[in-house]
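Reader: I'd like to go through this one with you. Can you keep it short and dry?

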Amino acid sequence: MKHDRSSLLFDKARTIIPGGVNSPVRAFSSVGGRPLFIDRASGSKIVDVDGNEYIDYVGSWGPMIAGHCHPQVVAAVTAAMAKGSSFGAPTDLELQLAEMVVAAVPAIEMVRMVSSGTEATMSAIRLARAYTGRDAIIKFAGCYHGHADSLLVKAGSGAATFGVPDSPGVPADFARHTLIAEYNDLASVQSLVDENREKVACIIIEPIAGNMGTVPPRNGFLEGLRALCDREGIVLIFDEVMTGFRVAYGGAQELYGITPDLTTLGKIIGGGLPVGAFGGKRAIMELLSPMGGVYQAGTLSGNPLAMSAGIATLKILQQEGFYQRLEETSGRLADAIASAALEAGCPIHATRVGSMLCVFFSSAEVTSWTTAARCDTAAYGTYFRAMLEQGIYLAPSQFETAFVSFSHTDEDIERTAAAARKAFKKCVAAAN
Ligand code: KE4
C-alpha cells in the first residue's frame, strides 16, 4: 500500500498542529508508522487519501455503531443544515433527543447536552461536589474520562498510551483531590473511603473499562460500588460515553442492572457529530444553572446538526434485532481472532462485551491497569502494522477498544480472520 499523500499531509500538519493531529492517540506513535489521513468512509469501510480501503474497527472511537454515512443519518443532518447549523437557542431537536435518552436510561430523570464526553464528565463531577459538599473524587487507574484537569490522574487511553497518565500542567492542588483505586478491586475503594471519611463526593467509573483495552467488571464489582456509595452518601457516576447505547440500548447499566446516580454519555448519541450529555437523579440535576447555582454552559450545546445525527442514529438502534445482529457478528469476529492466535501459537488474552473487544498481548488475564500495563505493547505494534498492511484498521494503541458496527459483514469478518492469522504469525516470528 502506498501512503505518499498521507505522509505529505502529515509532514505539513506537524508544522502547525502539535504532533500533526488533533487528538494524540491518532498519531500512531505507540504502534510505529505514520497516521493515515482519511478521505471518506461508508458502512464498515474507510478510505485514506491515497485511495487505500480498510475495514474499520475504530469507528471514530465508538460513535459509528450504525456504520459510516448511514443514509438515514446523512439525510437527517442534511435536512437540519438546510434550516441552519446553530442558533444558540432552544430547539425541538434537543428536546427530542433528551426524551429518547430519558426513555432509554431510567436512571436519567433529567439530562443536559454538551459537546464532548470531557464536558460531560467534568460537569457531572462538579454537580456531585456541589450535591455532597465534598471535594475528593475516586477514579480508577487506567480509566479515561476525558482531559479535564481532575481526571488526568492515572488516566487511560491516550494518556496511558503516551505514558503520561498524570499530565504535566495539572496543579498538584487539583490532583490531590483525585484518589486512585484499582479496577475490579472493591477493597482498594473501601480503603480510600475509610482514609477519607465524609470527604469523597463521587466515584466515577467506566462500567466496562474501554480505555485500558476492554476490561469487563468482575461479578459483584459494580454491585459492591453501588452498595458502598449508598452506605457512604457518595454519588456513583457511570461514565457511559463509550458504553452508552453500545453494549445495550440502555447501556452497561441495563446490561448489569445497576442504577448509578449520574450517567455521562457521548459518542453514539451524536452519531459522529460533536456531542456529550450528563444526566441522572432530578434532585442532583436541579442544582444545575439556571435552576440552581452549579454553573455549566456551552455555545454549541444541543447543536441542531448533532442532535439530528443522534436522533437518527438512536432510531436505527431501535430497529428490531439490531443488537442481536451486532452480538452475532462480534462473537464471530472474536472467535475467529482467538482461533487465529491459537493456530499461530501467539499468547493473547482476548476480551469482549457485546461489540467492544480487545486483544491483549499478555498470557495472563487482564483485570485492571496493573495487569494491562504489563502487556507487550511492541507485539501489539507488530500486530497493528501487519493488520493495517492487509487492509484492517485497528486502534493504534494496545490501550483502546475495537468496535464492531451493524455494517460489518460476514466477508469483513472472514477477511479480518485471514489477516489475523498472518499477523499473529508475524508476532510469533518477531518474538523468536
Ligand atoms: P471526548 O471528550 O473525547 O468526547 O470524550 C472523553 C471520554 C470520556 N469517557 C470515556 C469513557 C471515553 O472513552 C472518552 C473518550 N474516548 C477516547 C477513546 N478511548 C476518545 C479518542 C481520543 O481521545 O481521540
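The chat below goes through the ligand site, the cores, two helices and a few backbone details.

Reader: What kind of model is this?

Author: It is a predicted model.

Reader: Ligand first. How many residues surround it, and which are closest?

Author: The ligand is surrounded by 17 residues. The closest are Ser-23, Thr-118, Asn-211, Asp-239 and Glu-400.

Reader: What does Thr-118 do there, in distances?

Author: A polar side-chain atom of Thr-118 is 2.7 Å from an oxygen atom of the ligand.

Reader: And which side chains have an N or O atom close to a ligand nitrogen?

Author: Asp-239 has a side-chain N or O atom 2.7 Å from a nitrogen atom of the ligand. For Lys-267, the distance from a side-chain N or O atom to a nitrogen atom of the ligand is 3.0 Å.

Reader: Back to Thr-118. Is it buried or exposed?

Author: Thr-118 is buried, and it belongs to helix 4. The other buried residues of helix 4 are Gly-117, Glu-119, Ala-120, Thr-121, Ser-123, Ala-124, Ile-125, Leu-127 and Ala-128.

Reader: What span should helix 4 have, and what does it have?

Author: Helix 4 runs over residues 117-132, which is 16 residues. At 1.5 Å a residue, it should span 22 Å, and its end C-alpha atoms are 23 Å apart, which agrees.

Reader: What comes after helix 4?

Author: Gly-133 follows it, with a positive phi near 70°.

Reader: Cores next. Which residues touch the most others in the largest nonpolar one?

Author: Tyr-57, Phe-245, Phe-361, Tyr-383 and Phe-424 touch the most other members, out of 71 residues in that core. Helix 11 (residues 304-317) gives the most to this core, with 9 residues.

Reader: Where does the core lie relative to the domains?

Author: Domain 1 (4-69 + 321-431) and domain 2 (71-317) both give residues to the core, so it lies between them.

Reader: What other core is there?

Author: Another core, of 34 residues, lies apart from it. Among its members are Ala-160, Val-200, Leu-228 and Ile-258.

Reader: What does Tyr-57 touch?

Author: Leaving out residues up to four places away in sequence, the contacts of Tyr-57 include Leu-333, Ile-392, Tyr-393, Phe-403, His-408, Asp-412 and Thr-416.

Reader: Tyr-383 was also on that core list. Which helix has it as a buried residue?

Author: Helix 14 does. Its buried residues are Ala-379, Tyr-380, Gly-381, Thr-382, Tyr-383, Phe-384, Ala-386, Met-387 and Leu-388.

Reader: What do they pack against?

Author: They pack against strand 3 (53-56), helix 12 (322-344), strand 12 (356-360), strand 13 (392-393) and helix 15 (410-431).

Reader: Same span check for helix 14. What comes out?

Author: Helix 14 has 13 residues (377-389), so at 1.5 Å a residue it should span 18 Å. Its end C-alpha atoms are 18 Å apart, which agrees.

Reader: And what is at the ends of helix 14?

Author: At its start, a side-chain oxygen of Asp-376 reaches to within 3.1 Å of the backbone nitrogen of Ala-378. Just after helix 14, Gly-391 has a positive phi of about 85°.

Reader: I may need to assign protonation states. Where is His-349, and is it buried or exposed?

Author: His-349 is in strand 11 (residues 349-353). It is buried, with a relative accessible area of 17%, because the cut-off for buried is under 20%.

Reader: What does the His-349 side chain reach?

Author: It reaches the backbone nitrogen of Val-366 at 3.3 Å. The contacts of His-349, leaving aside neighbours within four places in sequence, are Cys-358, Val-359, Phe-360, Ser-362, Ala-364, Glu-365 and Val-366.

Reader: Backbone oddities now. Which peptide bond is cis?

Author: The one from Ser-289 to Pro-290, with omega near 5°. Pro-290 sits in the loop between helix 10 (282-285) and helix 11.

Reader: What about positive phi at Ser-60 and Lys-154?

Author: Ser-60 has a positive phi of about 60° although it is not a glycine. Its place is in the loop between strand 3 and helix 2 (71-83), and at 37% relative accessibility Ser-60 counts as partly exposed. Lys-154 has a positive phi near 50°. Lys-154 is in the loop between strand 5 (136-140) and helix 5 (157-161), and is partly exposed at 35% relative accessible area.

Methods:
Residues are numbered from 1 along each chain as its sequence is written. This is a predicted model: local features need pLDDT of at least 70, side-chain atom pairs count only at pLDDT 80 or more; totals for chains, interfaces and linings use all residues. Side-chain values use heavy atoms; hydrogens and water are left out. Helices (H or I, at least four residues) and strands (E, at least two) are DSSP runs, numbered from the N terminus. The expected span of a helix is 1.5 Å times one less than its number of residues. Buried means under 20% relative accessible area, exposed over 50%, partly exposed in between (1.4 Å probe, protein chains only). A nonpolar core is a set of buried Ala, Val, Leu, Ile, Met, Phe, Trp, Tyr and Cys residues joined through side-chain atoms within 4.5 Å. Domain bounds come from an automatic or database domain assignment. Contact means heavy atoms within 4.5 Å. A residue is near a molecule or strand if one of its heavy atoms lies within 4 Å of it. A polar contact is a pair of N or O atoms within 3.5 Å; within protein, one must be able to donate a hydrogen and the other to accept it, and residues adjacent in sequence count only if both atoms are side-chain atoms.
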